Each structure stands twice: as structure tokens, then as C-alpha cells.
Amino acid sequence: MQEAVTIRRFEADKDTSVLSDIWLRASIIAHPFIGEATLREQQPLMEDVYLPMASTWVAERGGKAIGFLCLLKSHIAALFVDPEQQGQGVGRQLLDFAATRHDRLTLEVYTDNAKAMAFYERYGFIIESQREADDQGQPFANARMVWRATQS
């Protein structure tokens, strides 16, 4: 039987490079439409801006980081699971963790990331709005999704 997943606070010195690696590997798979070169260019933003500015939580198994969640209040700014650990409930545990802290959660997801869209819809998120460009102004459609505790 596999060890249980635990969730703990982000520790910059210990976690930054590991979570950045998880983000990059997962993003290359989930966002092929962006392109690996662009994702590699964006990686320093993950390390220097996004991870430290959010309330970041690390999912680990056996002392090894396998995923993470970044919250900006009740907005999920990032949720990534190591590709080798996907499909084992880690992402759901991270969502459950966020849901115990907030009655309403929001997030944005690329609509071309069908696997993520389906994952969030299964959890109970609904599309609130859509836009045709991402935060960098690139032509990658995004859906803003919302979850409320009363709907699940």
C-alpha cells in the first residue's frame, strides 16, 4: 500500500526548485499549445514571483514533494501534480484542502487543457466566464471557473 499524502506549507529554500520542476514537467504535458520554449522562459516567474507571493501548499508522499497548490485568498492560482503521480487522487486532495478553508473557490484554466477542465468539472467547478487570451495576451482561451461549498 502506498504511503499517505500529507500537505504542508511551502518552504522556499527546500521547495522552490522541486516545485518549479513539477510545474515545468506538468505544464509541458498539459499545455503543449504554449510550447516548451515559452514555458521554460516562464519558469523563473514561477520560482521568483508566483510560488513566494501565494499561500503555497505542498503535497508530499514519503517526504517527497509530488504536487502543490497556490492560493491567492480563495483563488487557486496554481495546482500542479507531478506527472508520475497524476491519477492517484493528489490533485483532489489539494482541492479538498483548499475547500476546507474557503466556501467559494475560483480559478482560471486553459480551455485547451481538456484533462484539467474535466477534472475541475468533476469536482463541481462551473464555468463563470471565458476570455480568448491569457494573462500574457497570448491567444490561448481561458475559462474562469467557480466552486461553491453549497453546490457539492
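Helices (H or I, at least four residues) and strands (E, at least two) are DSSP runs, numbered from the N terminus. Contact means heavy atoms within 4.5 Å.

The model here is predicted, so local features need pLDDT of at least 70 and side-chain atom pairs count only at pLDDT 80 or more, while totals for chains, interfaces and linings use all residues. Residues are numbered from 1 along each chain as its sequence is written, and side-chain values use heavy atoms, with hydrogens and water left out.

**Exercise 1: The overall layout**

Work out how many helices and strands the chain has, and in which order they run.

Step 1. Count the elements: you should get four helices and seven strands.

Step 2. Start at the N terminus and walk along: the order is β-α-α-β-β-β-α-β-α-β-β.

Step 3. Look at the extent. The C-alpha trace spans about 40 × 40 × 30 Å along its principal axes.

Step 4. Try the globule rule, which is 2.2 Å times the number of residues to the power 0.38, with the radius of gyration taken over C-alpha atoms. For 152 residues, a compact globule would come out near 15 Å, and the chain's 15 Å agrees with that.

Step 5. Now check the contacts between residues at least 6 apart in sequence: 58% of them join residues at least 24 apart.

**Exercise 2: The inside of helix 1**

Find which residues of helix 1 are buried, and what they pack against.

Step 1. Fix the terms: buried means under 20% relative accessible area, exposed over 50%, and partly exposed in between (1.4 Å probe, protein chains only). By that rule, 43% of the chain's 152 residues count as buried.

Step 2. Go through helix 1, residues 12–30. The buried ones are Asp15, Thr16, Leu19, Ser20, Ile22, Trp23, Leu24, Ala26 and Ser27.

Step 3. Keep the helix geometry in mind: an α-helix has 3.6 residues a turn, so residues three or four places apart point the same way.

Step 4. List the partners. The buried residues of helix 1 pack against strand 1 (5–9), helix 2 (36–53), strand 2 (55–61), strand 3 (64–72) and strand 4 (75–81).

**Exercise 3: Two helix pairs**

Describe how helix 1 meets helix 2, then how helix 3 meets helix 4.

Step 1. Set up the axes: they are lines fitted to C-alpha atoms, for helices over the stretch in contact, and angles run from 0 to 180 degrees between N-to-C directions.

Step 2. Take helix 1 and helix 2. Their axes come within 10 Å and cross at roughly 145 degrees. The crossing is right-handed (the near helix is turned clockwise from the far one by less than a right angle; anticlockwise would be left-handed).

Step 3. Pick out the residues that touch. From helix 1, they include Thr16, Leu19 and Trp23, and from helix 2, Leu39, Met46 and Leu51 are among them.

Step 4. Sort this contact by class: seven residues are nonpolar, five polar and four charged. Ala, Val, Leu, Ile, Met, Phe, Trp, Tyr, Cys and Pro count as nonpolar, Asp, Glu, Lys and Arg as charged, and the others, Gly among them, as polar.

Step 5. Move on to helix 3 (residues 90–99) and helix 4 (residues 114–123). Here the angle is about 50 degrees and the axes are 11 Å apart. Helix 3 and helix 4 are therefore oblique to each other (under 35 degrees is roughly parallel, over 145 roughly antiparallel, 65 to 115 roughly perpendicular, and the rest oblique).

Step 6. Name the residues: Gly91, Arg92, Leu95, Asp96 and Ala99 of helix 3 meet Phe119, Tyr120 and Tyr123 of helix 4. That contact has five nonpolar, one polar and two charged residues.

**Exercise 4: Four single residues**

Decide whether Leu51, Asp82, Lys73 and Gln2 are buried, exposed or partly exposed.

Step 1. Leu51 lies in helix 2. It counts as buried, at 0% relative accessibility, and its contacts include Phe10, Leu19 and Phe68.

Step 2. Asp82 sits in the loop between strand 4 and helix 3. With a relative accessible area of 4%, Asp82 is buried, and it touches Ile22, Arg25, Ile66 and Gly67, leaving out residues up to four places away in sequence.

Step 3. Lys73 is in the loop between strand 3 and strand 4, and at 75% relative accessibility it counts as exposed. Its phi is positive, about 55 degrees, although Lys73 is not a glycine. Most residues other than glycine have a negative phi.

Step 4. Gln2 belongs to the segment before strand 1. At 47% relative accessible area, Gln2 is partly exposed.
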